[in-house]
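Okay, everyone, thanks for coming. Let me put my protein up on the screen and then walk you through it.

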Amino acid sequence: MPSTCTVLARVAVMAARCVSLVRRNLPALALSLRPTPRLLCTATKQKNNGQNLEEDVGHSEQKTDPPSSEKTLLEEKVKLEEQLKEATEKYKRALADTENLRQRTQKLVEEAKLYGIQAFCKDLLEVADILEKATQSVPKEEISEDNPHLKNLYEGLVMTELQIQKVFTKHGLLRLDPVGAKFDPYEHEALFHAPAEGQEPGTVALVNKVGYKLHGRTLRPALVGVVKGT
């Protein structure tokens, strides 16, 4: 059986051999572990592909989810369009109201021009009535050359009556003498109803007082007697 010293000596020799072997093979091992250019290029491509993939994913997320500022602008655009539409409607209504007011004002002005003399015409109607009664009250047999003063007075009254009727017509004031015409409640005022032979019921048989119209509007209805049906 070998002694302890002998065993230790053998172990030391084997260790020395292992160290020597490692020293001889270390450069080759280091060379095998060194990265080659092809390996580095492949790793770089994989890294770049990973970054591009991340960028594509980021862009797609940005496309699917627009930024909050863009959403705000869209909402603001919708609000402004609604405000514009509302303002346009108000403007159109204001134009329509203004046009209606203009037309009403123009109509009032035209009516004022036409009927502004209505009160004055009513007063003149009394003068025309008096002239008519004056000419009718003169006996026709008294109008002769033997009575020149009465004749001249009568002719003057007749000429005055004719002239005042011409002035009335010039200003749109027309005389209503509806004997034989159909009774019209807008132009005539019935004083009585009486039967009359040879006349159609509902027609005017007698005119007690003539009427007048101013530009188509009844200023004074004619006072009449109407034929009554049997």
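First, some vocabulary: helices (H or I, at least four residues) and strands (E, at least two) are DSSP runs, numbered from the N terminus. On that basis the protein chain has five helices and six strands. Going from the N terminus, the order is α-α-α-α-α-β-β-β-β-β-β.

Quick housekeeping. This is a predicted model, where local features need pLDDT of at least 70, side-chain atom pairs count only at pLDDT 80 or more, and totals for chains, interfaces and linings use all residues. Residues are numbered from 1 along each chain as its sequence is written, and side-chain values use heavy atoms, with hydrogens and water left out.

Now the sheet. Three strands make an open sheet, ordered β2-β6-β3, with mixed pairing; strands pair if DSSP finds at least two bridges between them. β2 and β3 (204-209) sit at the edges with a single partner strand each, so one side of each has no neighbour in the sheet.

What joins β2 to β6? Six bridges do, and the two strands run parallel. Across that pairing, A190 stands opposite V224 in β6.

Stay on β2, residues 188-194, because F192 lies there by the DSSP runs I mentioned. Is F192 buried or exposed? Neither, really: F192 has 37% relative accessibility, so it counts as partly exposed. The cut-offs are under 20% relative accessible area for buried and over 50% for exposed, with partly exposed in between (1.4 Å probe, protein chains only). By that measure, 16% of the 230 residues in the protein chain are buried.
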